[in-house]
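Open the model in your viewer and keep the selection box at hand. We will go stop by stop.

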Amino acid sequence: MKLERGKINGLELTTLIAGFLFGSAVLLFPGQWAEHEGWIAILGGVAEGFVFMLLYAALMSRFPGKNFVEIAKEVYGPFFGSLVALAFIGYLFHLGSLVVTDYHDFIKLTMLVQTPSSMIVLVNCLVIIYGVKKGIEVIARCSQGMVTLLCVFYLMIFGMLSMQIKWTNFQPFFSLPVTKVLWAAHMAGSFPFGETVAFLMVFPTLNKPEELLNRSLKALFLAGIYFFIGSIRTIGVLGDTARLFLYSGFQSGRLINIANVFTRLEIIIGVNFLIMGFLKIAVLLYGCALGIAQLFNLKSYSPLVLPLGLLMGMLGMINFSMVSENFEFSSLVYPVFAFPFQVIIPLTTLVVALIRKLPKKGDDDN
Amino acid sequence: MVLAVLVCLLAGGCWDRQELDELALAFAAGLDYDMEQKQVKLITQVIRPGQMKSAESGGGSTGQGGQKASFILESQGKTVFEAVRKASFQISRRVNWTHNMVIIFGKGAVKAGVDKFLDFFVRDPEPRPHQYILVADGDLKDILNFKPNLEKASAQTINGMMNNTGVTSEAYPVTLQEFVNDLMSNTKSATAPLIKVVGEGEEQKLQLVGTAVFRKGKQIGRIEPKETRGLLWVIGKVKSGIISLPSSDGSEISIEIVQASSKIHPVLDGDGMHVHIHVKAICNLGEQLGGENAKPKKMIEFQQWAEKEIQKEIVHTIQCSRRMKADIFGIGEAFNRKYHKRWRTMEPKWEELYPKVKFSVNVKAKIRLIGETLIPLPAH
């Protein structure tokens, strides 16, 4: 019995992954830790993301048509499999709440200063819950238009700021300690590239499974190029001051000034984030709801979406007591914290499956 | 139940509404510091939106009903933000900073170090990074109280002047973003234009009277308008301007700068630090009082004169900066970019090293157009 009957095509998968990657990274520039060498960190992060994606694709091609919860149950047996799946779902849930936190912090800091937090989160979560209830097909189809829109906006912003880019801001090359740049690259690898692990819940809905690797790598490539452009823009325009700002990408948008007519366009970057954040949270919430439904052998995941979505929103509000905590967590703790979920669990699953010679022949009909 | 949810959702957007008639827009901020009482003094120029309409009633600084289009609020506080809120406390509306155009520092602020006062303007979401930074030469309040002739508020005048400095390139407009970038540098000296009210009574006008030079946020000196152009030549920010000089046959000529660019090449070798500055200027002949026809040979002579004049301006500015031990050109950063490893040992003592840097200035001027006449108007 299948819980999800929706099918998405290759292009939709590409845009969905790209949108997921853009997510909050549109705003929280991933290579910021490496200061003026952020662009190197991004390239490193993309490389790491490619490796991750190969791993996930290998796992998927070994168990065609099954998502991670089903795979875990098969590989580790019902009991341990459920534990592993639960940990994985917990990670998705927590990650979703982190994105909600970013969402909320950003809106609260820059736009709706006096609006209560619960209001901001509630309104966002309700939209996302509605989207997820309609199923993965709807989200994936939304992503096509949204990501196209983002690509246009993003290039537009870059074009408007290109006159202000100072190329000297990138020099001296390779002056920072290597360890710092590597850490920044790993940060970019774990946020956002490694988070594509959530797609282990979505991949089985692809209508042509043989296209999986090709389409996902295209998405990584697209997101990588855009982050690279973004880092060039942010570093080139802001220079040393990039490390001052929490949302340095947003800040660079504030500097748009064309003949004193086109100003105050940073809101476009804000809107990009809001749209992409929707996709990211929606995919995570979908993964969570579907995973739990399968874990407990429910007939449908849709009744779980509303409570899970609201809980995600609430956790998002209490994740951190202050923004600086969030910043420290994401720069120092998260790259280590996420590693087991992004690499170790999928890798062990694959290795155990190889050792146990799973899936057994004649056993792949379910 | 449904109604309650609907009200919550639909009215949620009204929490942060900002209606124009409920706002007091700040156009300029004057910051000063009282050393003895350790108080930040803030002078906010607030405009009356109703009086900002286009001037049917005769223009000038008064609008309909004879009310002034702007007024100032004075407030004090231990920090800038405290003073900002105290300014709002004096009037019926909250002061909104999103349209602030200029930040002007007073005497006390530049003595205490301006870096202390800028955090609010960078941190708060309301102020924009495109505000201009200036330093008051003279009384801060006079500048903010100044009644402009063309615009409604003095902030608009200053903003316009800053946008318009290209006509002579004798002032260097600095935005908050650029200023903060300079302040964050360990070696570069930040600069900001000096502004002053000159004249008496009806004849009063605002004037840019040079550039203030900072080190670690404190003003350590100033350079004159002509020397400011020398600075702009080196950093390649000259937009336009006039070089007037006597030609060999005694006639006066004006050369209009059309375009300029520069390159700074630092060289570090055995016998010390050298900096080669290459400046390229494209000019037009703007005016010639008598003298000979503008033949190509003559033009080449004019070019050489212009080159010498530009070189003189630059060398003069370099001397000034050496005297102040202030690296206003960002030479240190140029060294950092090229000789990063050796720079690390130079950086801590850069203040002492900078006057020892040997400059060589190389100017190439090119006169392209000569205007719409072929020969100068015959003079008798």
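**Stop one: a sheet in chain B**

This is a predicted model. Select β11, β12, β13 and β14 of chain B: these four strands form an open sheet, in the order β11-β12-β13-β14, with mixed pairing. Look at the edges next. They are β11 (241–246) and β14 (358–369) of chain B, and each pairs on one side only. Neighbouring strands of this sheet are turned against each other by 35 degrees on average, direction ignored.

Now select β13(B), residues 272–289. Strand β13(B) runs parallel to β14(B) and pairs with it over 11 bridges. Find B:Cys283; opposite it, in β14(B), stands B:Ile367.

Add the helices. Helix α8(B), residues 225–235, packs on the sheet and touches β11, β12 (252–269) and β13 of chain B. The direction of α8(B) makes about 60 degrees with that of β12(B). Helix α9(B), residues 296–324, also packs on the sheet, touching β11, β12, β13 and β14 of chain B. Its direction makes about 145 degrees with that of β14(B).

**Stop two: a helix in chain A**

Select residues 117–133 of chain A, helix α4(A). Its 17 residues should span 24 Å at 1.5 Å a residue, and the end C-alpha atoms are indeed 24 Å apart. Which residues of α4(A) are buried? They are A:Ile120, A:Val121, A:Asn124, A:Cys125, A:Ile128, A:Ile129, A:Gly131 and A:Val132. These cover an arc of only 155 degrees around the axis, so they lie on the same side of α4(A). They pack against α3 (68–111), α5 (136–161), α9 (267–295) and α10 (302–318) of chain A. After α4(A) comes A:Gly135, with a positive phi near 100 degrees.

How values were computed: Residues are numbered from 1 along each chain as its sequence is written. Chains are lettered from A and ligands numbered from 1 in the order in which they are written. This is a predicted model: local features need pLDDT of at least 70, side-chain atom pairs count only at pLDDT 80 or more; totals for chains, interfaces and linings use all residues. Helices (H or I, at least four residues) and strands (E, at least two) are DSSP runs, numbered from the N terminus. The expected span of a helix is 1.5 Å times one less than its number of residues. A residue is buried if 20 or more other C-beta atoms lie within 10 Å of its own, exposed if 12 or fewer, and partly exposed in between; C-beta atoms are placed from the backbone. The arc is that of the directions from the helix axis to the C-beta atoms. Two residues are in contact if their C-beta atoms, placed from the backbone, lie within 7 Å. Two strands pair if DSSP finds at least two bridges between them. Axes are lines fitted to C-alpha atoms, for helices over the stretch in contact, and angles run from 0 to 180 degrees between N-to-C directions.
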